[in-house]
Amino acid sequence: MNYWNRNTNLYNKQTVGIPQDAMGDCSRILANFYLQPYDKIVYELCKQNKCKYLRYADDQFLFAEDKNKLHILIFKVSKKLNSLGLSVNQKKVKVRTTEDLINDRSFKIFDLLKEGRDRKDKKKVEQFVDYYLDLLDKSGLVNIKDNGTPLLNKALFCQALKSIDFSKKTKLMSCYLDDEYLKNARAIHLEKIYKLLNKNYRQEFIKKLNTLSRKLIHNAFHYELLNFYEKNAIDSRLVLKRIKKLSNI
């Protein structure tokens, strides 16, 4: 557990925090359990000030009509967290308009695929892809949460993705085949990409993944890759060898 952060800090010992990859759900469960009394206090505080409060795991959202009131709330909330032995990460505190938040979280575009049947709707899926590619061209997704990865993941589970315009699909596939996306992908994402590819390109995809496995030094990727390989009857000897080597370091 002390070395879960090897993907970012190599093998420097880590004594603070919970893994965000293979054990990511653990942090959400603990946050929801530990912060329930805190939620009630902050909810009442916001209610008294005619504000709104939302929390997802350790991400908190405070909504107020007045910026000064919001700053006071942030101060009070920070004090309450301190009393619980926790603290606000000042670097991550952002005061923004509702419109900025909607753009950052891509709420409007996610609404296009809100219903399960929407993922089979070619027109809606193509609109979704257009939105993503437009953001990519205009801003490089720097102002979008997690650089647009949630949008990519959403599109990947759309049945109609195979039938969209070829040029758009080609641009989107280049995003899926980017090393930065692949190294954080789960087994299910790798499988979806694999099945989207023409059979002639699947072997190239496997070669790319094997090359990536030799470069990366965090085991989360390798176990996701192993899961994908085993589920799809792909030769997993190289990744098993890599896992063994990393385990012995």
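**Close-up 1. Lys-168 and its salt-bridge partner in the predicted model.** Lys-168 counts as partly exposed, at 21% relative accessibility. In this predicted model, its side chain meets that of Asp-130 in a salt bridge, 3.0 Å from N to O. The pair ties together distant parts of the chain: Asp-130 sits in helix α7 (residues 122-139) and Lys-168 in helix α9 (residues 166-176), 38 residues apart. Asp-130 is partly exposed too, with a relative accessible area of 33%. Look for Glu-126 here as well, since Glu-126, Asp-130 and Lys-168 are linked in a network of salt bridges.

**Close-up 2. The salt bridge between Arg-186 and Glu-224.** Here the closest N and O atoms are 2.8 Å apart. Arg-186 lies in the loop between α10 (179-182) and α11 (187-196), while Glu-224 belongs to helix α13 (residues 219-231), so this pair also links distant parts of the chain, 38 residues apart. Arg-186 is partly exposed at 40% relative accessibility, whereas Glu-224 is buried at 16%.

**Close-up 3. A salt bridge within helix α12.** Lys-207 and Glu-204 pair up with their closest N and O atoms 3.7 Å apart. Both lie in α12 (residues 199-215), 3 residues apart, or about one turn of the helix. Glu-204 is partly exposed, with a relative accessible area of 47%.

**Close-up 4. The hairpin of β1 and β2.** Strand β1 (residues 52-56) runs antiparallel to β2 (residues 59-63), joined by 5 bridges. Leu-54 stands opposite Phe-61 of β2. Along β1, Tyr-53 and Arg-55 point to one face and are buried, while Lys-52, Leu-54 and Tyr-56 point to the other and are not. In the turn, Ala-57 has a positive phi of about 55°.

Note on methods:
Residues are numbered from 1 along each chain as its sequence is written. This is a predicted model: local features need pLDDT of at least 70, side-chain atom pairs count only at pLDDT 80 or more; totals for chains, interfaces and linings use all residues. Side-chain values use heavy atoms; hydrogens and water are left out. Buried means under 20% relative accessible area, exposed over 50%, partly exposed in between (1.4 Å probe, protein chains only). Helices (H or I, at least four residues) and strands (E, at least two) are DSSP runs, numbered from the N terminus. Two strands pair if DSSP finds at least two bridges between them. A salt bridge is a side-chain nitrogen of Lys or Arg within 4 Å of a carboxyl oxygen of Asp or Glu.
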